Amino acid sequence: MVPDLVDGAPIPVFMFVITLPPCQLINQTVSLEKEGCPSCHPVETTICSGHCITKDPVIKIPFSNVYQHVCTYRDLSYKTFELPDCPPGVDPTVTYPVALSCHCGRCAMDTSDCTFESLQPDFCMNDIPFYY
């Protein structure tokens, strides 16, 4: 094989290595809200974020179980917060998850948003104008 030449000299080849952050705990602001309460309240919590090694088999076998791993909770706890300004008769307490550790594994639908593109953690439904 003959190398590519420009004016008789080899063309330099540059190799770039992109390092993606691994699956790990990060601090994240999330918006807490509840139906019947007029506003959202931001709180700081820990979530799992980062990249996991994935694979795509060369040979596709129908009905085979190939699972892509995602960065998800290994251990978590829950905290409770009391929303201010809720009207009488509306329970102001909201419970939210706090990640204690993370790992690459199958997405657990009961604790994670497993969609391709989801809402941002600080998204607030109360910020969307409602038209009658």
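A residue is called buried when its relative accessible area is under 20%, exposed when it is over 50%, and partly exposed in between (1.4 Å probe, protein chains only). By that rule, buried residues make up 19% of the 132 residues in this chain. The structure is a predicted model, in which local features need pLDDT of at least 70 and side-chain atom pairs count only at pLDDT 80 or more, while totals for chains, interfaces and linings use all residues. Residues are numbered from 1 along each chain as its sequence is written, and side-chain values use heavy atoms, with hydrogens and water left out.

**Overall layout**

- The chain has zero helices and six strands, where helices (H or I, at least four residues) and strands (E, at least two) are DSSP runs numbered from the N terminus.
- Reading along the sequence therefore gives the pattern β-β-β-β-β-β.
- Of the contacts between residues at least 6 apart in sequence, 61% join residues at least 24 apart, a contact being heavy atoms within 4.5 Å.
- The chain exposes about 10800 Å², of which carbon and sulfur atoms supply 59%; accessible areas come from the Shrake-Rupley method with a 1.4 Å probe, and for residues only the protein chains shown count as cover.

**Nonpolar cores**

- In soluble globular proteins, nonpolar side chains tend to be buried together.
- A nonpolar core is a set of buried Ala, Val, Leu, Ile, Met, Phe, Trp, Tyr and Cys residues joined through side-chain atoms within 4.5 Å.
- The largest such core here has nine residues, namely V30, L32, C37, V43, L83, C86, V94, Y96 and V98.
- Strands β3 (24-32) and β6 (93-105) each supply at least two residues of this core, and the largest share, three residues, comes from β6.
- A second, separate core has eight residues, including C23, I47, C52 and C102.

**Disulfides**

- The structure holds four disulfides, each being a pair of cysteine sulfur atoms within 2.5 Å; three of them are described here.
- One disulfide joins C23 to C71, with an S to S distance of 2.1 Å, and this link is right-handed, with 80 degrees about the S-S bond.
- That pair links distant parts of the chain, since C23 lies in the loop between β2 (9-10) and β3 whereas C71 lies in strand β5, 48 residues apart.
- C23 counts as buried because its relative accessible area is 18%, and C71 is also buried, because its value is 17%.
- Another disulfide is formed by C37 and C86, whose sulfur atoms are 2.0 Å apart; this link is right-handed too, with 110 degrees about the S-S bond.
- C37 lies in the loop between β3 and β4 (41-49) and C86 in the loop between β5 and β6, so this pair ties together parts that are 49 residues apart in sequence.
- Both C37 and C86 are buried, and, leaving aside neighbours within four places in sequence, C86 is in contact with C37, P38 and P92.
- A further disulfide joins C48 to C102, with an S to S distance of 2.1 Å, and this link is left-handed, with -90 degrees about the S-S bond.
- That pair also links distant parts of the chain, with C48 in strand β4 and C102 in strand β6, 54 residues apart.
- C48 counts as buried because its relative accessibility is 15%, and C102 is buried because its relative accessible area is 14%.

**Surface and loops**

- V58, I59 and I61 form a nonpolar patch on the surface, with about 380 Å² of accessible area together.
- Patches are made of residues with over 30% relative accessible area and no salt bridge, with like charges joined within 9 Å and nonpolar side chains (Val, Leu, Ile, Met, Phe, Trp, Tyr) within 5 Å; a salt bridge is a side-chain nitrogen of Lys or Arg within 4 Å of a carboxyl oxygen of Asp or Glu.
- Within this patch, I61 lies in the loop between β4 and β5 and counts as exposed because its relative accessibility is 55%.
- D85 lies in the loop between β5 (70-82) and β6, where D85 is exposed because its relative accessible area is 60%.
- The phi angle of D85 is near 70 degrees, which is a positive value in a residue other than glycine.

**The surroundings of S49**

- S49 has its place in strand β4 and counts as partly exposed because its relative accessibility is 30%.
- Not counting residues up to four places away in sequence, S49 touches P22, C23, Q24, I26 and C71.
- The C-alpha atoms of S49 and P22 are separated by 7.8 Å, although these residues are 27 residues apart along the chain.
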